[in-house]
Amino acid sequence: MHRMRTELEDLKHDLNTSDIELHILEGKILDQEESLTTMKQLINESQAGKLDDLQKLISTLNKKFSSLEKKQDEILSDIRQLGSHANETTTALSQYKDKICEMEKSILFQNKKFEELAKLKRNLGEIIQETAKSSTREFDSYTIKEGDSLKRISRNFSVSVEELKKVNKLKDDLIMTGQEILIPKNIH
């Protein structure tokens, strides 16, 4: 979006530069017209021998004038194209802005869903803790560390893997780092 703004500013600058060049050319055209008028007066006042030289000069000036008119037409065409491009760029930027707004709304919606999931997780944790407190058997809480597995935890706490799965309502052996599980206390 910043690049598009920069390009738009560059286009505006080019448009202003072309406009200035157009004004300069118009001034030159006026100067050329004044020069032609002055030359015509000199021809009328000058000698017959200089008449041919002046006619050649007028012809050259007319060619330059025609060339300047063509250049002016080209510049006007370029200015129109730049204006059209600037309008297209503005439209595209507006569309990008709308898309960004839609994405921001989607992200906000997703954040709300994540907050709801976090609430559910906390509630489930509280339910698990209350269930653990209310059961006749006592449990320890254990946070899974990197490299842990249910087998390793069962050996460390002298509890079977099946018992760990049953107490924590696990369907398989999948556990994740940072997850809290309940470990039945050995009552001997």
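**Entry 1: the start of the chain**

I began with Arg3 and Glu7, which both sit in helix 1 (residues 2-45), 4 residues apart, or about one turn of the helix. I take helices (H or I, at least four residues) and strands (E, at least two) as DSSP runs, numbered from the N terminus. The side chains of Arg3 and Glu7 form a salt bridge, 3.2 Å from N to O. By salt bridge I mean a side-chain nitrogen of Lys or Arg within 4 Å of a carboxyl oxygen of Asp or Glu. Side chains of opposite charge can pair when their charged atoms come close.

Next I looked up how open the two partners are. My cut-offs are under 20% relative accessible area for buried, over 50% for exposed and partly exposed in between, with a 1.4 Å probe and protein chains only. Arg3 is exposed at 58%, and Glu7 is partly exposed at 34%.

His2 is in helix 1 too, and it is exposed at 64% relative accessible area. I also noted that the C-alpha atoms of His2 and Thr90 are separated by 13 Å, with their positions 88 residues apart along the chain.

**Entry 2: what kind of model this is**

A note to myself: this is a predicted model, in which local features need pLDDT of at least 70, side-chain atom pairs count only at pLDDT 80 or more, and totals for chains, interfaces and linings use all residues. Residues are numbered from 1 along each chain as its sequence is written, and side-chain values use heavy atoms, with hydrogens and water left out.

I then checked pLDDT, the predictor's confidence in each residue, from 0 to 100. The protein chain has a mean of 87, and 91% of its residues reach 70 or more. Among its elements, helix 2 (residues 48-134) has the lowest mean, 87, and helix 3 (residues 150-157) the highest, 93.

**Entry 3: the other salt bridges**

How many salt bridges does the structure hold? I found 3.

Asp140 pairs with Lys185, their closest N and O atoms being 3.6 Å apart. Asp140 is in strand 1 and Lys185 in the segment after strand 2, so this bridge ties together parts that are 45 residues apart in sequence. Asp140 is partly exposed at 34%, and Lys185 is partly exposed at 29%.

Lys165 pairs with Asp173, with 3.1 Å between the closest N and O atoms. Is Lys165 buried or exposed? With a relative accessible area of 15%, Lys165 is buried, whereas its partner Asp173 is partly exposed at 48%.

**Entry 4: cores**

I looked for nonpolar cores, meaning sets of buried Ala, Val, Leu, Ile, Met, Phe, Trp, Tyr and Cys residues joined through side-chain atoms within 4.5 Å. The largest has 11 residues, including Tyr142, Ile153, Leu164 and Ile181. Helix 3, helix 4 (161-167) and strand 2 (180-184) each give two or more residues to this core. Another core lies apart from it and has 7 residues, among them Leu25, Phe65, Ile75 and Ile79.

**Entry 5: the aromatic pair**

My search of the whole structure gave 1 aromatic pair. Rings of Phe, Tyr and Trp (its six-membered ring) pair if their centres lie within 6.5 Å; planes under 30 degrees apart count as stacked, over 60 as edge-to-face and the rest as tilted. The ring centres of Tyr142 and Phe157 are 5.5 Å apart and the planes stand at 70 degrees, so I logged the pair as edge-to-face. It links distant parts of the chain, with Tyr142 in strand 1 (residues 139-143) and Phe157 in helix 3, 15 residues apart. Tyr142 is buried at 14%, and Phe157 is partly exposed at 29%.

**Entry 6: a surface patch**

Phe114, Leu117 and Leu120 form a nonpolar patch on the surface, with about 330 Å² of accessible area together. Patches are made of residues with over 30% relative accessible area and no salt bridge; like charges are joined within 9 Å, and nonpolar side chains (Val, Leu, Ile, Met, Phe, Trp, Tyr) within 5 Å. The areas come from the Shrake-Rupley method with a 1.4 Å probe, and for residues only the protein chains shown count as cover. Phe114 belongs to helix 2 and is exposed at 54%.

**Entry 7: backbone angles**

Most residues other than glycine have a negative phi. Ser158 has a positive phi of about 55 degrees although it is not a glycine. Ser158 is in the loop between helix 3 and helix 4, exposed at 54%. Lys169, not a glycine either, also has a positive phi of about 55 degrees. Where is Lys169? I found Lys169 in the loop between helix 4 and strand 2, exposed at 69%.
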